[in-house]
Amino acid sequence: MAKFVPPVSPLAPKTVPSLPPIPGVTLATAEAGIRYKGRTDVLAVGLAAGTTVAGVFTRSKCPSAPVDWCRANLAGGRARALVVNSGNANAFTGRKGREAVALTAKIAAKAAGCRESEVFLASTGVIGEPLDATKYDAVLDRTFAAGKAEGWLDAAKAIMTTDTFPKVATATASLGGVTVTINGMAKGAGMIAPDMATMLSFVFTDAPIEAPALQALLSKGVKTTFNTVTVDSDTSTSDTLMLFATGAAEAKGAPRIAEAGDRRLAGFRKALQAVLADLAEQVARDGEGARKLVHVVVKGAVSNASAFRVAKSIADSPLVKTAIAGEDANWGRVVMAVGKAGEPAERDRLSISFGDIRVAHEGERDPAYDEAAASAVMKEDVITVTADLGLGRGTARVMTCDLTKDYVAINGDYRS
């Protein structure tokens, strides 16, 4: 049987932004034959001396070898090179995985002219298969040497696995009267229920921000962006989100920032949040087999944390997601998901809406329920499902997608 190749998601952005160069960042891609044939599968990013780094990673108890490597190097706060491969996650690979990471870092450090402690690594793809790091020997020297300031879209393509489109975003901000740029890329379509990050995402800026402040900004920014996305409720072993700041804008007069609470960061913080939110939504839009982007909103909960857990229960429910795929206004499945969440909820205070149509109110079908109007909402590409618990002021929003037959087709022969 031929392997199923999904078409480009119908939810893909209609336009792709052109990402400007960021001083101190060079990009290059290569074909190393990690798993795929005839396509780029390695991204090498060169970073100027003095680049600071922040990162958040999966909370999975079975993290990949690259995640362990990055966590250890993050303490140094400096980065000169990033190497990313697709096709092999180098996860659950034991001693061989650790050796592959060490060899990759050694090869990359030599190619980039830096210390191994300044090399950061990420891998995505099949879990449990050893990664042959000797394949980097033939490509990393020339790849780092070929690095250019352009090529962001090609870079995003090189780290794709089951993604159907590359994911990039950009924004600018004023820092001390100087314009700084933020560029980001992400990959992810399945095994998406981030717990600290998304599968892989890398963000770069020329702003001069010290590592502790950068870390605080990233850790806060991820909470309302990547950590509110779920495609299939499965958290990857490889979740990695990293932010690199070259500091090149300091030469133009931008102030060096040491504290995340510095008031001069207001514009930068807003721009960073916009880039993270854009990338996170693109991940949801490219959910494996997705045809609908779904915003789940919960309000009236006893707390924001409780609202989030209820929203995740709705967004992760296969029954809710398949009803949306079938364009069926089956609000009973939302009732089910609220009830099983294990959070405070009272049946006779619960109201549910699809878009602007309230379908259930105070424990029963809404008196004004109109099947035709509800069904019309379900035919839209972007749908909002709202559950009002009527208990308090807690609110939360989670992004997800529908669950289609294509999801099964993509994942049923993923290793084949």
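Which residue is the bridge partner of Ser 353 in β14? In this predicted model, the bridge partner of Ser 353 is Thr 386, and the legends below begin with the sheet to which both strands belong.

**View 1. An open sheet of six strands with mixed pairing.** Read across the sheet, the strands follow the order β13-β12-β11-β14-β10-β15. The edges are taken by β13, residues 364–365, and by β15, residues 394–401. Each of these two has a single partner strand, so one of its sides is left without a neighbour in the sheet. Strands of a sheet pair through backbone hydrogen bonds, in either a parallel or an antiparallel manner.

**View 2. Strand β11 and its two neighbours, β12 and β14.** Strand β11, which covers residues 351–354, runs antiparallel to β12, residues 357–361, and three bridges join the two. Within this pairing, Ile 352 of β11 has Ala 360 of β12 standing opposite. The pairing of β11 with β14 is likewise antiparallel and extends over four bridges, and it is here that Ser 353 meets Thr 386 as its bridge partner.

**View 3. The hairpin of β11 and β12, and the side chains of β11.** Two residues lie between the strands of this hairpin, in which Gly 355 takes a positive phi near 60°. In a regular strand the side chains alternate between the two faces of the sheet. Along β11, Ser 351 and Ser 353 point one way, whereas Ile 352 and Phe 354 point the other way, and all of these residues are buried.

**View 4. Helices α7 and α10 packed on the sheet.** Helix α7, formed by residues 304–316, touches β10 (293–301), β14 (382–388) and β15, and its direction makes about 25° with that of β15. Helix α10, formed by residues 371–378, touches β11, β12 and β14, and its direction makes about 120° with that of β12.

**View 5. Cysteines in a structure that holds zero disulfides.** For Cys 62, which is in no disulfide, the nearest cysteine sulfur is that of Cys 70, 18 Å away. For Cys 70, which is also in no disulfide, the nearest cysteine sulfur is that of Cys 114, at 13 Å. Cys 62 has 45% relative accessibility and therefore counts as partly exposed, while Cys 70 is buried, with a relative accessible area of 0%.

Conventions
Residues are numbered from 1 along each chain as its sequence is written. This is a predicted model: local features need pLDDT of at least 70, side-chain atom pairs count only at pLDDT 80 or more; totals for chains, interfaces and linings use all residues. Side-chain values use heavy atoms; hydrogens and water are left out. A disulfide is a pair of cysteine sulfur atoms within 2.5 Å. Buried means under 20% relative accessible area, exposed over 50%, partly exposed in between (1.4 Å probe, protein chains only). Two strands pair if DSSP finds at least two bridges between them. Contact means heavy atoms within 4.5 Å. Axes are lines fitted to C-alpha atoms, for helices over the stretch in contact, and angles run from 0 to 180 degrees between N-to-C directions.
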